[in-house]
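Trainee: I have just opened this entry and would like to go through it with you. May we start with a single residue and work outwards?

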Amino acid sequence: MNDLTPRKTGGSLIERAAKVYDFNAELRARNPLPPVDDAPAPVPLKVVEPVVAETPVFTPPAVRGAVAVIDRAMLAAKGLLVPDAPVGALAEEFRLVKRQLMVTARSLRAADADKSRTILVCSAKPNDGKTYCAVNLAISMAAEREVEVILVDADFAKPDVMARLGIAESMGLLDALADPAVDIEDCVVRTDIAQLSVLPAGTKSHNDTELLGSARTAKLIARLLAADPRRVLIFDSPPVLAASPAAVLAHHVGQTVMVVRADRTVESDLREAVALLDGCEEIQLLLNAVSYAPGGRRFGSYYGQEESK
């Protein structure tokens, strides 16, 4: 984010968090990057997360070649995006989010083509909505014509991606990291959502950070990306201030989305979390759980309105 205007010290968290903090300035000062021509200035990204009941629905474990069927009614009940549903406010919000990320990815491509196809989604603390945003971002990005998305559950302590989509847990990233005999492609679960696959967290381990910090992580990521030049990897990591894998993963991705819950995240936690993600040069804030006043929402019923006579 590039807004460098002075900021008052008072005001509510929403007022301060809704503005764009240039957390990358210090990182760029230490590790200057060449300027990117014609790169538009990032804009603040806002998403409203509805409060919904968590009722996971499980299907039998997936195997390579099988397709996991995602219950669209379940997605709607959980407040998640539903593929091929009428365009609504939530779909438009995530269109803005993914478009900004794709613009940044294009600017990164010349320096590192592989890293430009990797995105980390995290938050400072638990319950800020990072998995909700990661799943919606993956569904939205999978709607692109020339993209294949793999949503990676890298929250090893509390994996939730598979449950959100109603798919049973199976072998995943930790298994492939721990055992060189495990082919990472065998762990990827295809879904019936076009161009969307998921990679489970895998068997829990007390050494998850050490496994993630090994040289094998880079090899597995390279293997996944090399299998399809259209692939984009979206990692759902644990909260930065609650567990260490997010800081490790930051060294392997091109950009990071830091989910900020408008009614909960405090600025000191946000700054501390961003400092721990110094392995990634591109960090953007995604403001979640925003309260809109009646009539003040940017998106809503436009697609359902008839043209005035």
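**A buried threonine and its surroundings**

Mentor: Let us begin with T191, which counts as buried because its relative accessibility is 8%, under the 20% limit for that class. Please keep in mind that this is a predicted model.

Trainee: In which strand is T191 found?

Mentor: T191 belongs to strand β5, which covers residues 189-191.

Trainee: Which backbone atoms lie by the polar side-chain atoms of T191?

Mentor: The backbone nitrogen of I193 is 3.1 Å from a polar atom of the T191 side chain. The backbone oxygen of L196 is 2.8 Å from a polar atom of that side chain.

Trainee: And what is T191 in contact with, leaving aside neighbours within four places in sequence?

Mentor: The contacts of T191 are V67, A68, I70, I167, L196, S197 and V198.

Trainee: Let me change topic to the helices. How many residues does α4 have, and what does it reach from its first C-alpha to its last?

Mentor: Helix α4 has 21 residues and reaches 31 Å, close to the 30 Å expected at 1.5 Å a residue. Of those 21 residues, 15 are buried, so α4 is largely enclosed by the rest of the structure.

Trainee: Where does S107 lie, then?

Mentor: S107 is part of α4, which runs over residues 89-109. S107 counts as partly exposed, because its relative accessibility is 25% and that class lies between 20% and 50%. A polar atom of the S107 side chain lies 2.6 Å from the backbone oxygen of T104.

Trainee: What about the loops; which one holds D84?

Mentor: D84 sits in the loop between α3 (72-77) and α4. Its phi is positive, at about 65°, although D84 is not a glycine.

Trainee: Is D84 buried or exposed?

Mentor: D84 counts as exposed, because its relative accessibility is 82%.

Trainee: Where is N127 found, and what is its phi?

Mentor: N127 is in the loop between β3 (118-123) and α5 (130-142). Its phi is near 65°, a positive value in a residue other than glycine. With a relative accessibility of 63%, N127 counts as exposed.

Trainee: Now the interior. Which residues touch the most other members of the largest nonpolar core?

Mentor: They are L173, L199, F235, M258 and L277, in a core of 43 residues. Leaving aside neighbours within four places in sequence, F235 is in contact with T118, I119, L120, V121, V152, A154, I221, L249 and V253. Another core, of 39 residues, lies apart from the largest one and has M74, L80, I119 and L286 among its members. As a general point, nonpolar side chains tend to be buried together in soluble globular proteins.

Trainee: How many helices and strands does the chain have?

Mentor: The chain has 12 helices and nine strands. Of its 309 residues, 50% count as buried. The accessible surface of the chain comes to about 14,800 Å², and 55% of that belongs to carbon and sulfur atoms. Among contacts between residues at least 6 apart in sequence, 81% join residues at least 24 apart.

Trainee: Before we finish, what is the mean pLDDT of the chain?

Mentor: The mean pLDDT is 82, and 73% of the residues reach 70 or more. Over residues 1-10 the pLDDT is below 50, and this stretch has 25 contacts in the model beyond near neighbours in sequence. Residues 51-64 also have a pLDDT below 50, with 27 contacts in the model beyond near neighbours in sequence.

Definitions and conventions
Residues are numbered from 1 along each chain as its sequence is written. This is a predicted model: local features need pLDDT of at least 70, side-chain atom pairs count only at pLDDT 80 or more; totals for chains, interfaces and linings use all residues. Side-chain values use heavy atoms; hydrogens and water are left out. A nonpolar core is a set of buried Ala, Val, Leu, Ile, Met, Phe, Trp, Tyr and Cys residues joined through side-chain atoms within 4.5 Å. Buried means under 20% relative accessible area, exposed over 50%, partly exposed in between (1.4 Å probe, protein chains only). Contact means heavy atoms within 4.5 Å. Helices (H or I, at least four residues) and strands (E, at least two) are DSSP runs, numbered from the N terminus. A polar contact is a pair of N or O atoms within 3.5 Å; within protein, one must be able to donate a hydrogen and the other to accept it, and residues adjacent in sequence count only if both atoms are side-chain atoms. Accessible areas come from the Shrake-Rupley method with a 1.4 Å probe; for residues, only the protein chains shown count as cover. The expected span of a helix is 1.5 Å times one less than its number of residues. pLDDT is the predictor's confidence in each residue, from 0 to 100.
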